[in-house]
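Biologist: I'm new to this structure and would like to learn how to read it. Could you walk me through a few features, one at a time?

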Amino acid sequence: MSGSRGAAAGRPRQGSVPRTWSQFAAALLGLGLALGCVSAEVEAEGRSSRAALERQLRRADDAFNGRSFRQALDMYSALYMAALSGGYDDLAAEGAAQASTINALKDAQEESDRWMSFAERYAEGEGAGPRSRVMLARGIRQWKLGDSSAALGTFEALVRLCKETGLEVRAMQGASLGALVAEGEAQLDWNLKAIDICQGLEQPRWEGALWTNHGWLLEARGDFEDASRCFERARELLAEGAASPMDLLQADWALGRALRLAGRPSEARTLLEQADVRGRELYAADPTARQAEWLGRAWWELAELELAEGHDKDALALLQSARRKLLEAGVADAAPLLLGRLDARLIELGPR
């Protein structure tokens, strides 16, 4: 793949670079990471109390990664107190940093400030693990406060520290966050940096998620051919990484959509029909909001292919079905702009 930047263009019509926290977190979770995973790399040092605290930190990280933020905050707060009483300042710093992050994301700025002061105090003089977690929290706080320039400086320093100290997973996290915070061409540079780091980790699922992010960045610039190559590489990597049926559905959808936008409708149809079949099977087995959303998205893309071929009646039926599924998925509240774009397409075709 050439890595071409493409011509500047508006945001993509159905997918975009994450900007809200829910999208921000989802992008990280798509890597199977979120903010706390490096703690799993820490080995117990032989003392049972420390080993127990490290297990507690990993459980708190699991809650955070599962987006159970209230539960995670309670767990990090308890960990902080227990680590202090045991004399483990590094673990106290990690718990406080995560508590600061969660409060920042809840817009509880004073509480976030308080926890960050604890995190910085107890991380001082400690190893790269706790210091890098504090830096990660600091960068997210800066982004949340609207200071993207400061956040990018923090993420750059974080990547440098982690690469120097062998914390490659967290280095990748920092670069991924840089790509989400940056603007313009810098987004592409940050994401390519994250991909470069990830390629040394032999984690195809993570690398696939990063190539997917890169595809969206290129699509946002109107560079559909290079975007399709990114999505194709992501699809290959996801298959290598024992991807779930939902992962594969999303990969088929993303590549099929990119091929449609690149003017390759026959190839697009093959993938989107595959996504349709997989989506119907997943929805029949478990009719949740998530399954409904992706089935609706597949139908929308198939409708666009029908419309391009002049089959307006078939396109209208597919768009109507897609709208029902997306409403079932809750997009009216979660993604009103997405629903608005679909409604605009329906108005073009006639009354619903």
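Modeller: Gladly! Keep in mind that this is a predicted model. Let's begin with a single residue, Ser100, which sits in helix α4.

Biologist: Is Ser100 buried or exposed?

Modeller: The general idea is that a residue counts as buried when its relative accessible area is under 20%. Ser100 has a value of 0%, so Ser100 is buried.

Biologist: Which residues does Ser100 touch, if I skip those up to four places away in sequence?

Modeller: Ser100 then touches Ser112, Trp115, Met116 and Arg141. Ser112, Trp115 and Met116 also appear on the α5 side where α4 meets α5.

Biologist: Let's look at that pair, then. At what angle do α4 and α5 pack?

Modeller: Helix α4 spans residues 89-105 and helix α5 spans residues 109-123; they pack at about 160°, with their axes 7 Å apart. Angles over 145 degrees count as roughly antiparallel, so α4 is roughly antiparallel to α5. The crossing of these two helices is left-handed.

Biologist: And which residues make the contact between α4 and α5?

Modeller: From α4 they include Ala93, Ala96, Ala97, Ser100 and Asn103, and from α5 they include Trp115, Phe118, Ala119 and Tyr122. Sorted by class, the contact has eleven nonpolar, three polar and three charged residues.

Biologist: How do α5 and helix α6 pack?

Modeller: Helix α6 covers residues 128-144, and α5 packs with α6 at about 155°, their axes 10 Å apart. By the cut-off we just used, α5 and α6 are therefore roughly antiparallel to each other. Their crossing is left-handed. On the α5 side, Ser112, Asp113, Met116 and Glu120 are among the contacting residues, while α6 brings Arg131, Val134, Arg138 and Arg141, among others. This contact divides into six nonpolar, two polar and five charged residues.

Biologist: Now the nonpolar cores. Which residues touch the most other members of the largest one?

Modeller: In that core of 70 residues, they are Phe155, Met172, Trp190, Phe231 and Trp300. Helix α14, residues 289-308, gives the most to this core, with eight residues.

Biologist: What is Phe155 in contact with, leaving aside neighbours within four places in sequence?

Modeller: Its partners are Leu136, Gly139, Ile140, Gly174, Leu177, Gly178, Val181 and Trp190. There is also a second, separate core of 28 residues, which includes Leu53, Ala97, Trp115 and Val134.

Biologist: So Trp115 ties my threads together: Trp115 touches Ser100 and belongs to that second core.

Modeller: Yes, and Trp115 is also one of the α5 residues that meet α4.

Note on methods. Residues numbered from 1 in each chain as written. Predicted model: local features only at pLDDT ≥ 70, side-chain atom pairs only at ≥ 80, totals over all residues. Heavy atoms only, no water. Axes fitted to C-alpha atoms, helices over the stretch in contact; angles between N-to-C directions. Helix = DSSP H or I, 4+ residues; strand = E, 2+ residues; numbered from the N terminus. Parallel < 35°, antiparallel > 145°, perpendicular 65-115°, else oblique. Left-handed = near helix turned anticlockwise from the far one by under 90°. Contact = heavy atoms within 4.5 Å. Nonpolar A, V, L, I, M, F, W, Y, C, P; charged D, E, K, R; others polar. Buried < 20%, exposed > 50% of the residue type's maximum accessible area, 1.4 Å probe, protein only. Core = buried A, V, L, I, M, F, W, Y, C linked by side-chain atoms within 4.5 Å.
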